Amino acid sequence: LFCTKSGYNSIEINYLFRKDYIMKKVTVYSSDTCPYCHMAMDYLRENKIEFEEKNISKDPEAKKHLIQNKIMGVPAIYIDDELISGFDKDKINELLGL
């Protein structure tokens, strides 16, 4: 990628690259009372990663999904089909190429 005085900063260039070429489906299972859930979602927003939130405090189907898959805590973050249990910044970065 070559860029000179394009008007984009490096974060915007990374976002444009991710958005156009390696967009992954990200789903965050959360609850209202989970501080790590909010930290994880804030981190994704800061890095301009689109995600779907499934709040188990409000969505019984989301809670059922976690129980059926023997996932006993939140945040449970799916990046494509890969599960991250908890807010693991290093694993998120690895899977999203951040």
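A crossover counts as right-handed if, with the strands pointing away from the viewer, the path from the first strand over the helix to the second runs clockwise. Keep that in mind for Exercise 2.

Before you start: this is a predicted model, in which local features need pLDDT of at least 70, side-chain atom pairs count only at pLDDT 80 or more, and totals for chains, interfaces and linings use all residues. Residues are numbered from 1 along each chain as its sequence is written, and side-chain values use heavy atoms, leaving out hydrogens and water.

**Exercise 1. Find out how many helices and strands the protein has, and in what order they run.**

Step 1: Know what to look for. Helices (H or I, at least four residues) and strands (E, at least two) are DSSP runs, numbered from the N terminus.

Step 2: Count them. You should get four helices and four strands.

Step 3: Walk along the chain from the N terminus, and the pattern reads α-β-α-β-α-β-β-α.

**Exercise 2. Work out how strand 1 and strand 2 are arranged.**

Step 1: Check the pairing, which takes at least two bridges found by DSSP between two strands. Strand 1 and strand 2 (residues 52-55) have four bridges and run in the parallel sense.

Step 2: Pick one bridge. Tyrosine 29 has lysine 54 in strand 2 as its bridge partner.

Step 3: Add the helix. Together with helix 2 (residues 35-46), strand 1 and strand 2 make a right-handed β-α-β unit.

**Exercise 3. Describe the ring pair of tyrosine 29 and tyrosine 78.**

Step 1: Recall the rule. Rings of Phe, Tyr and Trp (its six-membered ring) pair if their centres lie within 6.5 Å; planes under 30 degrees apart count as stacked, over 60 as edge-to-face and the rest as tilted. By this rule the structure holds two aromatic pairs.

Step 2: Apply it. The ring centres of tyrosine 29 and tyrosine 78 are 6.0 Å apart and the planes sit at 70°, so this pair is edge-to-face.

Step 3: Locate the partners. Tyrosine 29 is in strand 1 (residues 26-30) and tyrosine 78 in strand 3 (residues 76-79), so the pair ties together parts 49 residues apart in sequence.

Step 4: Look at burial (buried means under 20% relative accessible area, exposed over 50%, partly exposed in between, with a 1.4 Å probe and protein chains only). Tyrosine 29 is at 6%, so it is buried. Tyrosine 78 is buried too, at 16%.

**Exercise 4. Is alanine 62 buried or exposed, and what does it touch?**

Step 1: Place alanine 62 in helix 3 (residues 60-68).

Step 2: Read its relative accessible area, which is 3%, so alanine 62 is buried.

Step 3: List its contacts (heavy atoms within 4.5 Å). Not counting residues up to four places away in sequence, alanine 62 touches Tyr29, Lys54 and Ile56.

**Exercise 5. Which residues does threonine 27 contact, leaving aside neighbours within four places in sequence?**

Step 1: Find threonine 27 in strand 1.

Step 2: Check its cover: threonine 27 is buried, with a relative accessible area of 7%.

Step 3: Read off the contacts, which are Glu52, Lys54, Ala76, Ile77 and Tyr78.

**Exercise 6. Find the side-chain partner of asparagine 93.**

Step 1: Go to helix 4 (residues 89-96), where asparagine 93 is found.

Step 2: Look for a polar contact, a pair of N or O atoms within 3.5 Å; within protein, one must be able to donate a hydrogen and the other to accept it, and residues adjacent in sequence count only if both atoms are side-chain atoms.

Step 3: The side chains of asparagine 93 and tyrosine 43 are joined by one of 2.4 Å.
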